[in-house]
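Visitor: I'd like to learn how to read this kind of model, one feature at a time. Could you start with the DNA and then move on to the folds?

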There are 2 protein chains.
Amino acid sequence: MRVVIADDAPLIREGVARLLAENGVDVVDQVGDADAALASVRDLRPDVALVDIRMPPTHTDEGLRAAREIRSRYPDTAVLVLSQHLESDYALQLVEEKPERVGYLMKERVGRVEQLLDAVQRVAAGECVVDRAVVDELLARRRRVDPVEELTSREREIIALMAEGRSNQGICRALWLSPKTVETHIRGAFAKLGIKEAPEDNRRVLAVLAYLRR
Amino acid sequence: MRVVIADDAPLIREGVARLLAENGVDVVDQVGDADAALASVRDLRPDVALVDIRMPPTHTDEGLRAAREIRSRYPDTAVLVLSQHLESDYALQLVEEKPERVGYLMKERVGRVEQLLDAVQRVAAGECVVDRAVVDELLARRRRVDPVEELTSREREIIALMAEGRSNQGICRALWLSPKTVETHIRGAFAKLGIKEAPEDNRRVLAVLAYLRR
DNA sequence: CAGCGGCTCAGGGTTTTCCCTGGAATCGCC
DNA sequence: GGCGATTCCAGGGAAAACCCTGAGCCGCTG
């Protein structure tokens with residue numbers, strides 16, 4: 001079992017490498033960013049690539065981009081994404097295409113080292129391994145219908161500008177709409193967000209809060 | 001050099017333990033929560049306690065509480081706090097009392113394993129080791145005077161209610177003030193927050209954003 | 001093709017927000 | 001004792017943010 005590890009934090013990377021090595025996994029390379037990960041997989045063709053999501057330069061989702069790239073270019077290499085936090089959206093878009101030879105675990109939720117080893121074995125064998133928390137979160141989201149999802153694209157655009165502190169007039173200029181149109185959309189959005197008129201509430205702020213809370 | 005490691009994520013904890021052990025550090029115990037950490041330090045009196053901040057049950061600052069407890073009860077044990085993110089406030093309150101035998105590092109910013117070893121040695125020797133990023137952040141905060149700090153307590157109270165989506169009238173009822181008084185305070189807050197009138201901006205939302213961004 | 005939802009506007013109206021000016025009471029501080 | 005900062009409030013007015021109804025246009029779907 002040959003594995004490449006990509007994580008920008010040497011402390012984590014080295015630690016995980018030791019754990020794997022101790023348990024008979026051959027850690028053939030360690031890298032600290034996405035480009036290096038791609039190069040390493042290209043050259044070494046490991047059985048599994050263990051990839052952290054946040055890596056330089058932007059520390060957002062380069063690990064995930066790299067994971068997709070690896071899956072499409074080197075389908076024989078399984079990809080196991082290790083994330084710091086629960087970001088179900090990322091996990092979903094990773095798995096939804098083809099749920100094979102791929103996995104998504106959270107570092108903090110790997111209860112025992114054996115779980116990581118097990119996951120590595122299973123993705124290498126072609127299985128799809130996803131942390132329970134991801135599944136729970138996605139199901140929970142289905143249940144509580146997020147009112148923001150109810151908005152039409154235009155309404156969402158307008159609420160987004162509103163959430164940046166724009167006035168109706170500012171929104172008009174930004175989207176080239178008449179003031180009346182903006183008002184109409186805002187009214188529609190309020191209704192869909194369940195914000196009814198109440199003398200003690202400021203609907204605009206409530207809408208912004210609902211939008212930002214996602 | 002005898003060390004106790006407290007971190008609720010076995011993956012991290014075991015990894016760090018391996019790294020230290022490999023480099024001649026005697027890891028005498030590993031625990032997964034704050035109470036166990038205190039018990040372990042009490043029984044084993046290690047040279048250094050390596051403590052993660054977030055641990056069960058609340059996953060907020062129990063590691064930090066444990067760290068303070070260790071420092072006061074077992075002053076011969078140095079404490080090195082390992083945090084996931086940059087939380088300068090925590091770091092500051094840890095160090096400000098007595099900057100000795102204590103340290104604060106960020107997992108992701110430990111560039112090389114040697115840095116961790118070095119930090120362990122130094123806190124054990126009585127030094128105070130703080131990640132550069134913490135220092136930078138605290139200094140930067142001094143420089144940019146947070147405009148929210150400029151508000152009077154009454155103004156801050158009112159902006160806080162505003163940030164919950166209350167209307168002026170709602171604020172009146174909550175604080176038993178006349179509408180005119182609320183207006184006056186809001187105007188004062190706008191001025192101090194640097195929110196000038198602009199036709200394309202909604203000042204109320206901008207104030208809420210400024211307040212929430214802290 | 002009829003119907004429906006989304007997008008675009010208008011007229012005409014009310015309420016809320018926010019402006020300026022100005023006054024008065026309290027409190028701490030030099 | 002005066003002076004500044006804070007807090008409380010008022011009148012008067014402009015502008016913005018809302019409401020309702022109604023309407024034309026588009027694209028999709030049954």
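**Reading the DNA contacts**

Guide: Start with one atom pair: a backbone N or O atom of A:Asn168 lies 3.3 Å from a phosphate oxygen of DNA strand D. The idea behind it is the polar contact, a pair of N or O atoms within 3.5 Å; within protein, one must be able to donate a hydrogen and the other to accept it, and residues adjacent in sequence count only if both atoms are side-chain atoms. Keep in mind that the model is predicted, with pLDDT of at least 70 needed for local features and 80 or more for side-chain atom pairs, while totals for chains, interfaces and linings use all residues. As for bookkeeping, residues are numbered from 1 along each chain as its sequence is written, chains are lettered from A and ligands numbered from 1 in the order in which they are written, and side-chain values use heavy atoms, with hydrogens and water left out.

Visitor: Which part of DNA strand D does the side chain of A:Arg204 meet?

Guide: A phosphate oxygen, at 2.9 Å from a side-chain N or O atom of A:Arg204. For A:Arg187 the partner is a base nitrogen of DNA strand D, with a polar side-chain atom 3.3 Å away.

Visitor: And how many residues surround DNA strand D?

Guide: Use "near" for that: a residue is near a molecule or strand if one of its heavy atoms lies within 4 Å of it. There are 18 such residues around DNA strand D, the closest being A:Arg187, A:Arg203, B:Thr152, B:Arg154 and B:Lys180. Looking from the DNA side, 62% of the strand D atoms within 4 Å of the protein belong to sugar or phosphate, and the rest to bases.

Visitor: Which classes do the residues near DNA strand D fall into?

Guide: The scheme goes like this: Ala, Val, Leu, Ile, Met, Phe, Trp, Tyr, Cys and Pro are nonpolar, Asp, Glu, Lys and Arg are charged, and the others, Gly among them, are polar. Here you get two nonpolar, nine polar and seven charged residues.

Visitor: Which residues are closest to DNA strand C?

Guide: A:Thr152, A:Arg154, A:Ser178, A:Lys180 and B:Arg187, out of 19 that surround DNA strand C. Sugar and phosphate make up 61% of the strand C atoms within 4 Å of the protein. By class, this surface has two nonpolar, ten polar and seven charged residues.

Visitor: What does A:Arg154 reach on DNA strand C?

Guide: A phosphate oxygen, 2.6 Å from a polar side-chain atom of A:Arg154. B:Asn168 has a polar backbone atom 3.2 Å from a phosphate oxygen of DNA strand C, whereas a side-chain N or O atom of B:Glu183 is 2.9 Å from a base nitrogen of that strand. Helices and strands are DSSP runs, numbered from the N terminus: H or I over at least four residues for helices, E over at least two for strands. Two or more residues each come from helix 8 (153-162) and helix 10 of chain A and from helix 9 (168-175), helix 10 and helix 11 of chain B.

**Reading the folds**

Visitor: At what angle do helix 8 and helix 11 of chain B pack?

Guide: Axes are lines fitted to C-alpha atoms, for helices over the stretch in contact, and angles run from 0 to 180 degrees between N-to-C directions. Helix 8 (residues 153-162) and helix 11 (residues 203-213) of chain B pack at about 105°, axes 9 Å apart. So helix 8 of chain B is roughly perpendicular to helix 11 of chain B; the scale is under 35 degrees for roughly parallel, over 145 for roughly antiparallel, 65 to 115 for roughly perpendicular and oblique for the rest. Contact means heavy atoms within 4.5 Å. Helix 8 of chain B brings B:Arg156, B:Ile159, B:Ala160 and B:Met162, and helix 11 of chain B brings B:Arg204, B:Ala207, B:Val208 and B:Tyr211. That's six nonpolar, no polar and two charged residues.

Visitor: What is the strand order in the open sheet of chain B?

Guide: Two strands pair if DSSP finds at least two bridges between them. The six strands of chain B run 2-1-3-4-5-6, with parallel pairing. Strand 2 (26-31) and strand 6 (128-130) of chain B are the edges, each pairing on one side only. Neighbours are turned by 20° on average, direction ignored. Helix 1 (residues 10-22) of chain B lies across strand 1 (2-6), strand 2 and strand 3 (48-52) of chain B, at about 170° to strand 2.

Visitor: And how many bridges join strand 4 to strand 5 in chain A?

Guide: Five, with strand 4 (residues 78-83) and strand 5 (residues 102-106) of chain A running parallel. A:Leu80 stands opposite A:Gly103 of strand 5.
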